[in-house]
Amino acid sequence: FDELVLDYSQSNQDLGIHVNTDYAAAPPIFSLDVLDNSGFIKSLDFNNIEAFEITTGRGNDSIDTNNY
């Protein structure tokens, strides 16, 4: 079982988390972007996982799965 875990539980910043999927790729590629208060974006591309877990912190966080 392959799982991607993101833990932002210690963060006080407002985070915008966006998950996009490219189903045309084989296997499908998932792209995750995390935007913090300063406008800094952290990006991660991944594939071949069965699940992912995102833990947010004390900010006004939002998660957009793009209808995944």
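Strands are DSSP runs of E of at least two residues, and they are numbered from the N terminus. With strands named in this way, T56 can be placed in the loop between β5 (51-55) and β6. The legends below describe views of a predicted model.

**Figure 1. Overview of the chain, which has zero helices and six strands.** Read along the sequence, the elements follow the pattern β-β-β-β-β-β, and the C-alpha atoms fill a box of roughly 35 × 25 × 20 Å along the principal axes. The chain consists of 68 residues, of which 22% count as buried. The exposed surface of the chain amounts to about 4,600 Å², and carbon and sulfur atoms supply 47% of that area. If contacts in the chain are restricted to residues at least 6 apart in sequence, 52% of them join residues at least 24 apart.

**Figure 2. The open sheet, built from four strands in the order β4-β3-β2-β6 with mixed pairing.** The edges of this sheet are occupied by β4 (41-46) and β6 (62-64), and because each of them has a single partner strand, one side of each is left without a neighbour in the sheet. On average, and with direction ignored, neighbouring strands of the sheet are turned by 15 degrees against each other. Both senses of pairing can be followed in this view: strand β2 (residues 16-22) pairs with β6 in the parallel sense over three bridges, whereas strand β3 (residues 29-35) pairs with β4 in the antiparallel sense over six bridges. On the parallel side, I17 stands opposite I63 in β6, and on the antiparallel side V34 has K42 in β4 as its bridge partner.

**Figure 3. The hairpin of β3 and β4, with five residues between the strands.** Within this hairpin, G39 takes a positive phi near 90 degrees. D36 also belongs to the loop between β3 and β4, and the side chain of D36 reaches the backbone nitrogen of F40 at a distance of 3.2 Å. With neighbours within four places in sequence left aside, the contacts of D36 are Q13, D14, L15 and K42. Is D36 buried or exposed? The relative accessible area of D36 is 12%, and since buried means under 20%, D36 counts as buried.

**Figure 4. The salt bridge between K42 and D36, whose closest N and O atoms are 3.5 Å apart.** Side chains of opposite charge can pair when their charged atoms come close. The structure holds one salt bridge. The two partners fall into separate accessibility classes, for K42 counts as partly exposed at 34% relative accessibility, while D36 counts as buried at 12%. K42 is thus seen in two roles, as the bridge partner of V34 in β4 and as the partner of D36 in the salt bridge.

**Figure 5. Surroundings of S11, a residue of the loop between β1 (3-7) and β2.** S11 has a relative accessible area of 17% and is buried. Which backbone atom does the side chain of S11 reach? It is the backbone nitrogen of Q13, at 3.2 Å. Not counting residues up to four places away in sequence, S11 touches G57, R58 and G59.

**Figure 6. Surroundings of T56, in the loop between β5 and β6.** Although T56 and Y8 are 48 residues apart along the chain, their C-alpha atoms are separated by 4.8 Å. Once residues up to four places away in sequence are set aside, T56 touches Y8, S9, I17, D61 and I63. Among these contacts, I17 and I63 stand opposite each other where β2 and β6 pair. At 30% relative accessibility, T56 counts as partly exposed.

**Figure 7. Backbone details at P27 and N48, found in the loop between β2 and β3 and in the loop between β4 and β5, respectively.** A cis peptide bond joins A26 and P27, with omega at about -5 degrees. At N48, phi is near 60 degrees, which is a positive value in a residue other than glycine. The positive phi near 90 degrees in the hairpin of β3 and β4, by contrast, belongs to G39.

Methods: Residues numbered from 1 in each chain as written. Predicted model: local features only at pLDDT ≥ 70, side-chain atom pairs only at ≥ 80, totals over all residues. Heavy atoms only, no water. Pairing = 2+ DSSP bridges. Axes fitted to C-alpha atoms, helices over the stretch in contact; angles between N-to-C directions. Buried < 20%, exposed > 50% of the residue type's maximum accessible area, 1.4 Å probe, protein only. Polar contact = N/O pair within 3.5 Å; in protein donor to acceptor, adjacent residues only side chain to side chain. Contact = heavy atoms within 4.5 Å. Salt bridge = Lys/Arg side-chain N within 4 Å of Asp/Glu carboxyl O. Areas by Shrake-Rupley, 256 points an atom, 1.4 Å probe, with all protein chains shown as cover.
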